[in-house]
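Student: Please take me closely through a single part of this model. Then tie that part to its surroundings.

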Amino acid sequence: MLLNKLSIGQVVKALSGREQGRLFFIVEVVDHEYVLISDGKTRKLGKPKLKKVKHLKIYDFISEEAKQKIISKQNNTDAFLRAQLTKLDQRI
């Protein structure tokens, strides 16, 4: 059901666990129940967090720029993700 709404580069907020209340980008959609998330700080792209979709608040915002950097696996992506999430955290 939610799988159609999920995309790489989409902003989500963790609702449970140690990451509760923090913003992340979806790095990969594993299946209808799980996604991999990264914030570029504690969860870097080299080791993203596997998280259940039901434990995330899903925002409609998809950063096309972040999506392209994640897909192309550029080496400065962690710093870019941190900067983008800092900007978004002030607005959300």
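Tutor: Start with a term: buried means under 20% relative accessible area, exposed over 50%, and partly exposed in between, for a 1.4 Å probe and protein chains only. The model is a predicted one: local features need pLDDT of at least 70, side-chain atom pairs count only at pLDDT 80 or more, and totals for chains, interfaces and linings use all residues. Residues are numbered from 1 along each chain as its sequence is written, and side-chain values use heavy atoms, with hydrogens and water left out.

The part to look at is L23. At 7% relative accessibility, L23 is buried. L23 sits in strand β2. (Strands are DSSP runs of E with at least two residues; helices are runs of H or I with at least four; both are numbered from the N terminus.)

Now the neighbours. Set aside those within four places in sequence. L23 then touches V11, V12, K13, D39, Y59, L85, L88, D89 and I92, where contact means heavy atoms within 4.5 Å. Take V12 from that list. V12 and L23 are 11 residues apart in sequence, with 5.7 Å between their C-alpha atoms.

L23 also helps to line the largest pocket. Its lining is G21, R22, L23, D39, K41, R82, L85, T86 and D89. Thus named, the lining includes D39, L85 and D89, which are also contacts of L23. A pocket is found on a 1 Å grid over the protein atoms alone: an open set of points with protein on both sides within 12 Å along at least five of seven lines, whereas a cavity is a set where a 1.4 Å probe fits but cannot get out; lining residues have an atom within 4 Å of a point.

The pocket holds about 210 Å³ of space. That volume is the space filled by probe spheres set on the points, which are joined across faces, edges and corners. Helix α2 (residues 77-91) gives the largest share of the lining, 4 residues. By class, the lining has 5 charged, 2 polar and 2 nonpolar residues. (Asp, Glu, Lys and Arg are charged; Ala, Val, Leu, Ile, Met, Phe, Trp, Tyr, Cys and Pro are nonpolar; the others, Gly among them, are polar.)

Two of the lining residues, R22 and D39, pair up. Their side chains form a salt bridge at 2.3 Å, N to O. (The criterion is a side-chain nitrogen of Lys or Arg within 4 Å of a carboxyl oxygen of Asp or Glu.) R22 is in the loop between β1 and β2 and D39 in the loop between β3 and β4, so the bridge ties together parts 17 residues apart in sequence. D39 is buried, with 5% relative accessibility. R22 is partly exposed, at 29%.

The structure has 4 salt bridges. Bridges with shared partners join E19, R43 and K51 into one network. E19 meets R43 with the closest N and O atoms 3.9 Å apart. This pair spans 24 residues, from the loop between β1 (10-14) and β2 (23-29) to the loop between β3 (34-38) and β4 (49-52). E19 also bridges to K51, at 3.4 Å, N to O. Here E19 in its loop between β1 and β2 is linked to strand β4, 32 residues away along the chain. E19 is buried at 7% relative accessible area. K51 is buried as well, with 7%. R43 is partly exposed at 23%.

Two sites outside the lining round out the view. V53 lies in the loop between β4 and β5 (56-62). V53 is buried, at 5% relative accessibility. Its C-alpha atom is 9.6 Å from that of V29, 24 residues away along the chain. S72 belongs to helix α1 (residues 64-72). S72 is partly exposed, with a relative accessible area of 43%. The C-alpha atoms of S72 and V11 are 18 Å apart, across 61 residues of chain.

Last, the setting. The protein has 5 strands and 2 helices, in the order β-β-β-β-β-α-α. Its C-alpha trace spans about 30 × 25 × 25 Å along the principal axes. Of the 92 residues, 37% are buried. Of contacts between residues at least 6 apart in sequence, 51% join residues at least 24 apart.
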